[in-house]
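Subject: A structure for you to look through

Hi there,

Here is the structure I promised to pass on. Have a look at it first, and then read on for my notes on what turned up.

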Amino acid sequence: MIYLAIHDKIFGPFEEREITPETLSEYRWIYRTEEARKGWQPIDAMPSRIPAESPVLIEAVATVGAMQTAVSGKLQEVRARRGWLESREHGIRLSVGAPVRLQVLGKTPRQLGARVEKIETSTHGVRYLLSWDPVHAP
């Protein structure tokens, strides 16, 4: 059997089929009874690199499939569950609550599902606060 824990609270037992990336994203530690000698193991491994000195700007494009609308910009303040897509475009093209397909560009381009949580405008353009599943964070 498998047990999961966070903040010193233990949950379980879980069966192997219940252990999905979404399930694991809610916990920090895992214990497998068949590997009891290993004890509690961290769910995520320690990062293999040191944080960058300056904030990393990630080029990205958010697309709303049904409307065929796209917004390009840079992802900033990226966190496990959210980040800002800053666009120099001045017209608001996305709406709060809209599900979007976020294409992250760069060395390893990929796509992930996201949702528009908030919109801010300024003289520099439009900022969209996007949220996503932490398992798929850019």
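Let's begin at one charged pair: the side chains of Arg127 and Glu120 meet in a salt bridge, with 3.3 Å from N to O. Before you go further, please keep in mind that this is a predicted model.

**Around Arg127**

Glu120 is partly exposed, because its relative accessibility is 29% and the partly exposed class runs from 20% to 50%. Arg127 also falls in the partly exposed class, at 21%.

Arg127 has another salt bridge, with Glu86, and here the closest N and O atoms are 2.6 Å apart. This pair links distant parts of the chain: Glu86 belongs to strand E7 (residues 82-87) and Arg127 to strand E10 (residues 125-131), 41 residues apart. Glu86 has a relative accessible area of 25%, so Glu86 counts as partly exposed.

Which residues make up the salt-bridge network that includes Arg127? The network links Glu77, Glu86, Lys118, Glu120 and Arg127.

Arg127 has a ring for company as well. Its charged end sits over the ring of Trp84, 3.9 Å from the ring's centre.

Glu77, a member of that network, deserves a look of its own. You will find Glu77 in the loop between E6 and E7. Its phi is positive, about 50°, although Glu77 is not a glycine. With a relative accessible area of 43%, Glu77 is partly exposed.

**Another salt bridge, and the start of the chain**

The model has 10 salt bridges by the rule used here. One of them joins Glu16 and Arg32, whose closest N and O atoms are 2.8 Å apart. Glu16 sits in the loop between strand E2 (9-14) and helix H1 (21-24), while Arg32 is in strand E3 (residues 29-32), so this salt bridge ties together parts that are 16 residues apart in sequence. Both ends are partly exposed: Glu16 has a relative accessible area of 48%, and Arg32 has 21%.

Arg32 also brings us to the start of the chain. How far apart in space are the C-alpha atoms of Met1 and Arg32? They are 6.0 Å apart, although the two residues are 31 residues apart in sequence. Met1 lies in the segment before strand E1 (2-6) and is partly exposed, at 42% relative accessibility. Setting aside neighbours within four places in sequence, Met1 is in contact with Pro13, Phe14, Glu15, Tyr31, Arg32, Thr33 and Glu34.

Two of those contacts come back below. Pro13 is in strand E2, and the peptide bond leading from Gly12 to Pro13 is cis, with omega near 10°. Phe14 is part of a cluster in which ring pairs link Phe11, Phe14 and Tyr27.

**Rings and a nonpolar patch**

There are 3 aromatic pairs by the rule used here. One of them is formed by Tyr31 and Trp40: the ring centres are 5.5 Å apart and the planes make an angle of 45°, so the pair counts as tilted rather than stacked (under 30 degrees) or edge-to-face (over 60). Tyr31 is partly exposed at 22% relative accessibility, and Trp40 is partly exposed at 33%.

Trp40 also helps to form a nonpolar surface patch of about 320 Å², together with Ile10 and Trp29. Ile10 is in strand E2. Is Ile10 buried or exposed? Ile10 is exposed, with a relative accessible area of 57%.

**Two more residues to find**

Asp8 is in the loop between E1 and E2. Its phi is near 65°, a positive value in a residue other than glycine. Asp8 has 80% relative accessibility, so Asp8 counts as exposed.

Thr69 gives you a contrast to look at. Thr69 lies in strand E6 (residues 69-76), and its relative accessibility is 14%, so Thr69 counts as buried, which takes a value under 20%. Leaving out neighbours within four places in sequence, its contacts are Ala62, Thr63, Val64 and Arg93.

If you would like a place to begin on screen, try Arg127: find its salt bridges with Glu86 and Glu120, and then the ring of Trp84 under its charged end.

Enjoy exploring, and best wishes!

Conventions
Residues are numbered from 1 along each chain as its sequence is written. This is a predicted model: local features need pLDDT of at least 70, side-chain atom pairs count only at pLDDT 80 or more; totals for chains, interfaces and linings use all residues. Side-chain values use heavy atoms; hydrogens and water are left out. A salt bridge is a side-chain nitrogen of Lys or Arg within 4 Å of a carboxyl oxygen of Asp or Glu. Helices (H or I, at least four residues) and strands (E, at least two) are DSSP runs, numbered from the N terminus. Buried means under 20% relative accessible area, exposed over 50%, partly exposed in between (1.4 Å probe, protein chains only). Rings of Phe, Tyr and Trp (its six-membered ring) pair if their centres lie within 6.5 Å; planes under 30 degrees apart count as stacked, over 60 as edge-to-face and the rest as tilted. A charge sits over a ring if NZ of Lys or CZ of Arg is within 6 Å of the ring centre and within 35 degrees of the ring normal. Patches are made of residues with over 30% relative accessible area and no salt bridge: like charges are joined within 9 Å, nonpolar side chains (Val, Leu, Ile, Met, Phe, Trp, Tyr) within 5 Å. Accessible areas come from the Shrake-Rupley method with a 1.4 Å probe; for residues, only the protein chains shown count as cover. Contact means heavy atoms within 4.5 Å.
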